[in-house]
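Please open the structure in a viewer and keep the selection tool at hand. The tour proceeds by stops, each of which says what to select and what is found there.

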Amino acid sequence: MLKYSLKRLLHSLVTLFIILTLVFLLMRLLPVEGYYGERADKLTPAQKEAILRKMGLLDPWYVQLRNFYLQLFRGDLGVSVTYRANVPIKEILAAKIPYSFAFGVAALVLSLVVGLAMGIHMAQTKGLFWDKLWTTYVVFVNAVPGAVYLLFIQLYGTSVTRLPMLFDRYNVLSWILPLISMSLGGIAGNAMWLRRFMVDELNKDYIRLARAKGMSSRAIMVKHVLRNAFVPLAQYLPASVLFTISGSIYVESLYSIPGMGGLLVTAISRQDNPLVQALVLIYSSLGIFGLFLGDILMAILDPRIRLERQGGAR
Amino acid sequence: MSEPVLSARDVVIKFRLRGQTLTAIRGASLDLYEGESVAIVGESGSGKSVFTKSWIGMLDANGWVDSGSILFEGKDLARYKTEEEWLTIRGKKIAMVFQDPMTALNPLRTVGMQIQETLELHQGLRGGEAKRRTIEILAQVGISEPEMRYRQYPHEFSGGMRQRVVIAIAIACNPRILICDEPTTSLDVTIQAQILELIRRLQKELKVTLVYITHDLGVVANVADRVAVMYAGEIIEYGTVEEIFYDARHPYTWALLSSLPQLGIKGQPLYSIRGTPPNLFNEIHGDAFAPRNPQALKIDFVKRPPFFQVSPTHYAKTWLLDPRAPKVEPPEIVKAMRARYERYAV
């Protein structure tokens, strides 16, 4: 188990290194004009060079890369260049992460509780009315672009129920609509996958044996089906927990929530390299770490993986 | 003979499939007596499994017992509808072992827990007591180092070992009837023999009534006291092992016996029964086997034969036993088997 975890951790670190390096190098391929901001026309060539030199962009690429990693290992994410000039990136993020995180966790809990309950209900009523009704919902959420129905939720949600249109952190009521909007997709996903895994399990032979043993349907559902169906689902749970920190770009901008969503787009369009780099670091480590935790969780739940001699073979 | 443990009478089982109704069991009757071992033989689709599954209420959701009765301990199981009713029987009074042991156990729970579950369910044993009993049962089905095996998962067991565990689950609560539905079909031959021996030993030790479903006549001779032959959803002949092997009366039983590979006879092509079993979606008139029987009588296509008694323990559903029927000789292979039997056995 320890060997398996260490091996997986090593894989994760290598992946992270590759992503960071690639993004760093790709950023260097961008045209330099972006770095001068609005003043570009007024600057003399000498001034332009001075700016590039100050940003370290005139060094050979491997020196730049080395400097970047040295800085990173000291725990320094650098300062923003164009988004908010010379403000430390940690400071920018520290102000935004709490909002995204709070919304993310709340949305996650909601989508887990409602989504899993819905999935169980669907599996139990497979092929009947309720299953079809919830399936319609799942298909709708997956097929219709979020931009369409989220807009309608905001429009009718605020006009019919008189809930506030914009986010106000001192007003609990203003949390309701963004929270629902953020959860709809997660609920649909959780419900769909849990239903699928449960139906898979229900068709297996060991369920027949459990019935022949004289277990009640309810006991079989809880002790055998749900537990086994939860294993494949568990693999993706940590990743979705961690991704909640990154926030929802669209919903945050709809309700003017000062979260982290959307920051990456802004940073890239304004060529704020250090900020982009920092965000890529956060996003990719969250994703990779999430998958790593998923693998570990899966190994804890499934004895067949735990005892596999070639731990990282999958 | 004494009172039967279970008495199934004229059981009709139907399934609804794509808007059509299929009659899988067309009036099957069978009595089981205390401590005996009965084999039910027949080809795939003859209804062997469905018939026995109806005794523990495990028909698929689209199937139901349409008529007939299944008397067990003074109750008619054919009338059982709710899960609560069935839970008083399943696993407790009548247990079942299925065909494929590789997939029959939950891969995520320890073997011990899966046996213990049954004990806790039906015998109210708890904790250490339940564990001790589980380890005893593991040892009883021939698993060595039961304490260590108790904690292991199914993937650490071979196919034969898993079937032993499945059998352990079935016998955990000392059921009165143990149904084994082709328990050795998916195992290799040496393991088959071991499992057969285990089942026979347990049957004697526990004095349980054994119902053994198979399409392998070789196994039948090994395991059963009595044999019931099934065809197209009804039992067409039953008798003791000797009576069925050496004095069969139904043309279908003859055909089955003829298709057994004969040891010591070279150069003969293997016999196979022509045609296919009837379509159970259609109503069947007369003897269901008549269309495949080259020696079928006219009445076989018109009227369903009743059971004719051959001996107090041997009955067959064929018009050939009617006193008015012409004399029809069994096939050569069957006659040869009978001749050999008479020469050696008597």
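Begin with Arg18(B), which is placed in the loop between strand 1 (4-17) and strand 2 of chain B. The model on the screen is a predicted one. Is Arg18(B) buried or exposed? Arg18(B) counts as exposed, because it has 7 C-beta neighbours inside 10 Å, and a residue is exposed if that number is 12 or fewer. Its backbone also deserves attention: the phi of Arg18(B) is near 45°, a positive value in a residue other than glycine.

**The sheet beside this loop**

Next, select the strands that form the open sheet of chain B in the order 2-1-4-5. This sheet has four strands, and their pairing is antiparallel. In general, the strands of a sheet pair through backbone hydrogen bonds, in either the parallel or the antiparallel sense. Which strands of chain B lie at the edges? They are strand 2 and strand 5 (75-76), each of which pairs on one side only.

Move now to strand 4 (residues 63-72) of chain B, which is joined to strand 5 of chain B by two bridges, the two strands running antiparallel. To find one such bridge, select Phe72(B) and then its partner in strand 5 of chain B, Lys75(B).

**A parallel set of strands**

Now select strand 7 (residues 177-181) of chain B. Four of its five residues are buried, so strand 7 is largely enclosed by the rest of the structure. Colour strand 6 (residues 94-97) of chain B as well: four bridges join it to strand 7 of chain B, and the two run parallel. Val97(B) has Cys180(B) of strand 7 as its bridge partner.

Strand 7 of chain B also pairs with strand 8 of chain B, again in the parallel sense, over five bridges. Here Ile177(B) has Thr209(B) of strand 8 as its bridge partner.

Just before strand 8, stop at Lys207(B), in the loop between helix 7 (189-206) and strand 8 (209-214) of chain B. Lys207(B) is not a glycine, yet its phi is positive, at about 55°. Lys207(B) is exposed, because 11 other C-beta atoms lie within 10 Å.

**The whole of chain B**

Zoom out until chain B fills the view. How many helices and strands does chain B have? Its secondary structure comes to 11 helices and 12 strands. The radius of gyration of chain B is 21 Å, close to the 20 Å that the globule rule gives for 346 residues, so chain B is as compact as a globular protein of that length. Rotate the chain to view its extent: along its principal axes the C-alpha trace spans about 70 × 50 × 40 Å.

Of the 346 residues in chain B, 45% are buried. Among contacts in chain B with a separation of 6 or more, 65% are between residues 24 or more positions apart.

**The nonpolar core**

Select Ala168(B) and Val229(B), the residues with the most contacts inside the largest nonpolar core, which has 118 residues. This core draws at least three residues from each of domain 1 (4-224) and domain 2 (248-345) of chain B. Then display the surroundings of Val229(B). Leaving aside neighbours within four places in sequence, its contacts include Val41(B), Gly42(B), Ile244(B), His250(B) and Leu256(B).

**Between the two domains**

Colour the two domains of chain B separately, with domain 1 as 4-224 and domain 2 as 248-345. Their C-alpha centres lie 30 Å apart. Where they touch, nine residues of domain 1 of chain B are in contact with six residues of domain 2 of chain B. Which element gives the most to the domain 1 side? It is strand 2 (residues 20-33) of chain B, with five residues. The residues on this side divide into three nonpolar, four polar and two charged.

**Where the chains meet**

For the last stop, display chain A together with chain B. The contact takes 19 residues from chain A and 25 residues from chain B. On the chain A side, helix 8 (205-213), helix 9 (217-234) and helix 14 (303-306) each supply at least two residues. Helix 8 of chain A gives the most to this side, with seven residues. Colour the side of chain A that touches chain B by residue type, and its residues divide into six nonpolar, five polar and eight charged.

Notes: Residues numbered from 1 in each chain as written. Chains lettered and ligands numbered in written order. Predicted model: local features only at pLDDT ≥ 70, side-chain atom pairs only at ≥ 80, totals over all residues. Contact = placed C-beta atoms within 7 Å. Nonpolar A, V, L, I, M, F, W, Y, C, P; charged D, E, K, R; others polar. Domains from an automatic or database assignment. Rg over C-alpha atoms; globule rule 2.2 N^0.38 Å. Buried ≥ 20, exposed ≤ 12 C-beta atoms within 10 Å, placed from the backbone. Core = buried A, V, L, I, M, F, W, Y, C linked by C-beta atoms within 7 Å. Pairing = 2+ DSSP bridges.
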